[in-house]
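Student: I am new to this structure. I would like a close look at a single part, and then a walk outward from there.

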Amino acid sequence: MSHRLNKLREKLEEKGLDAILISQGENRRYLSGFTGSAGFLLISEKSTILATDFRYAEQAKSQAPDFVVVQIEGELPRWFPNLISTLRVKKIGFESSDLSFSTYRKLVAIMGEKSEKELVPTEEFVESLRAVKDEEELELIIRAVEISDTVFEEVAPRIHPGMTEKELAWEIEKLLREKGSESVPFDIIVASGPNSALPHHKPTDRAILSAEPVVIDMGARFKGYSSDLSRTICLGNQDEKFGKIYDLVLSALLTAIATIEAGMAGVQADSLARKVIEQGGCGENFGHGLGHGIGLAAHEQPRLGRGSEDVLAEGMVFTIEPGIYIKGWGGVRIEDVVVLEKGKVKLLSKARKVD
Ligand code: ZN
């Protein structure tokens, strides 16, 4: 973890902060290795403190050997002012998208407006470090990707007309767990027929029929790291429309894989695939972004989509997932996980895309 802490400290200096309080769960895990569900990190140039309660104190000591574990009780405003008074720091960053406004207000009230210590809101401070994966992280993501690939390959031949969306989603969930996934990172999507026109449909008791699109979107989690895989299948005869829409989405995906490069902004990457779908006459039916970073969170930086200025860099891992959704008919989405290596896209997902 020490190279991650070094990067964090460089960033503290860059931003003129003396310390930072980390409360967001995945950021806490990323920097410390501690997997418990409650606790805070307080990191300055010289101190590396992990504050957690009685339930986790022992676990924290063994999982986060780089940190001094401090046992705390009660809410942040009860213990933080004392702890911070022992450190010679003035400007203390906090994660403004995680710490609640009421906690912030209480803290400011306790520390006093005239306090020489100042709480400074930060945004995406650790998230931006997390976007670029180190070797260890990439390996874990590859394991998660392999699990979901294997599950898709195993479940695909078992899907038959009459099986309900919920039955299929449960089959997938069981297989994911059997193949070594931790609890799944997000609810599995099985969307059949007209339901597949909804990108985030929840599985229902609808029976899957032949000759209609079925969108399957699932992920595995391995040692905290997620995968994300979408495939669209059609049982029995594919009609001409399915073939046409499927080919268009596939060619958008393949174009993105072949042409996305390090240095591009998220919006540029998105437009490479979007143009293909627009030229095929379905621009209005691709209503979401092209992809998202993936790691400890199933959705994280960078974002590939309209308006995204996130710059794609070497070592970033993200999804590419174009889709076309047609109300009343259904939809097609195909999603792979990739990593940027030597400036180019390297495909990590191996599950079949074409029968
Ligand atoms: Zn996704």
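Which strands does helix α2 lie across, and at about what angle does helix α2 run to β2?

Tutor: A word of caution to begin with: this is a predicted model. Now to the helix. Helix α2 covers residues 25-32. It lies across β1, β2, β3 and β5. Its direction is at about 55° to β2. Strand β2 spans 40-44, and β3 spans 48-52.

Next, the sheet beneath that question. Those strands belong to an open sheet of six strands. The order is β4-β3-β2-β1-β5-β6, and the pairing is mixed. Strands β4 (68-71) and β6 (118-122) stand at the edges. Each has a single partner strand, so one side of each is left without a neighbour in the sheet. From one strand to the next, the twist averages 25°.

Look at one pair inside this sheet. Strand β1 holds residues 19-22, and strand β5 holds residues 91-95. They run parallel, joined by three bridges. Within that pairing, L21 stands opposite F94 in β5.

Now move to a pair of helices. Helix α4 is residues 76-85, and helix α5 is residues 101-111. They pack at an angle of about 45°. Their axes are 9 Å apart. That angle makes α4 oblique to α5. The crossing of α4 past α5 is right-handed. On the α4 side, the contact is made by L76, P77, F80 and P81. On the α5 side, the residues are T103, K106, L107, I110 and M111. By class, this contact has seven nonpolar residues, one polar and one charged.

A second helix pair comes later in the chain. Helix α7 (residues 135-155) packs with α8 at an angle of about 135°. Here too the axes are 9 Å apart. The angle makes α7 oblique to α8. The crossing of these two helices is right-handed. From α7, the contact uses I147, S148, V151, E154 and V155. From α8, it uses L168, E171, I172, L175 and L176. The classes are seven nonpolar, one polar and two charged residues.

Helix α8 leads on to another sheet. Three strands form an open sheet in the order β7-β8-β11. The pairing is antiparallel. Strands β7 (189-192) and β11 (229-234) are at the edges. Each has a single partner strand, so one side of each lacks a neighbour in the sheet. The twist averages 10° from one strand to the next. Strand β8, residues 213-218, is joined to β11 by six bridges. These two strands run antiparallel. One of the bridges pairs D217 with S230 in β11. Helix α8, residues 165-178, packs on this sheet. It touches β7 and β8. Its direction makes about 150° with that of β7.

Go further along, to a loop. H299 lies between β12 (291-293) and β13 (300-304). Not counting residues up to four places away in sequence, H299 touches H292 and G293. H299 and D228 are 71 residues apart along the chain. Their C-alpha atoms are separated by 9.4 Å.

Then comes a hairpin. Strand β15 (residues 323-326) is joined to β16 by four bridges, and the two run antiparallel. The bridge partner of G323 is R333 in β16. Three residues sit between the strands of the hairpin. In this hairpin, G328 takes a positive phi near 90°. Strand β16 covers residues 330-333. G330 and V332 point one way from it, while G331 and R333 point the other way. All four are buried.

The last stop is K350. It lies in the segment after β18 (344-347). Its relative accessibility is 64%, so K350 counts as exposed. Leaving aside neighbours within four places in sequence, K350 is in contact with D149 and E153. From K350 to E45 is 305 residues along the chain. The C-alpha atoms of K350 and E45 are separated by 43 Å.

Back to your helix, then. Keep α2 in view, lying across β1, β2, β3 and β5. Those strands are part of the open sheet of six.

Notes: Residues are numbered from 1 along each chain as its sequence is written. This is a predicted model: local features need pLDDT of at least 70, side-chain atom pairs count only at pLDDT 80 or more; totals for chains, interfaces and linings use all residues. Side-chain values use heavy atoms; hydrogens and water are left out. Two strands pair if DSSP finds at least two bridges between them. Axes are lines fitted to C-alpha atoms, for helices over the stretch in contact, and angles run from 0 to 180 degrees between N-to-C directions. Contact means heavy atoms within 4.5 Å. Angles under 35 degrees count as roughly parallel, over 145 as roughly antiparallel, 65 to 115 as roughly perpendicular and the rest as oblique. A crossing is left-handed if the near helix is turned anticlockwise from the far one by less than a right angle, and right-handed if clockwise. Ala, Val, Leu, Ile, Met, Phe, Trp, Tyr, Cys and Pro count as nonpolar, Asp, Glu, Lys and Arg as charged, and the others, Gly among them, as polar. Buried means under 20% relative accessible area, exposed over 50%, partly exposed in between (1.4 Å probe, protein chains only).
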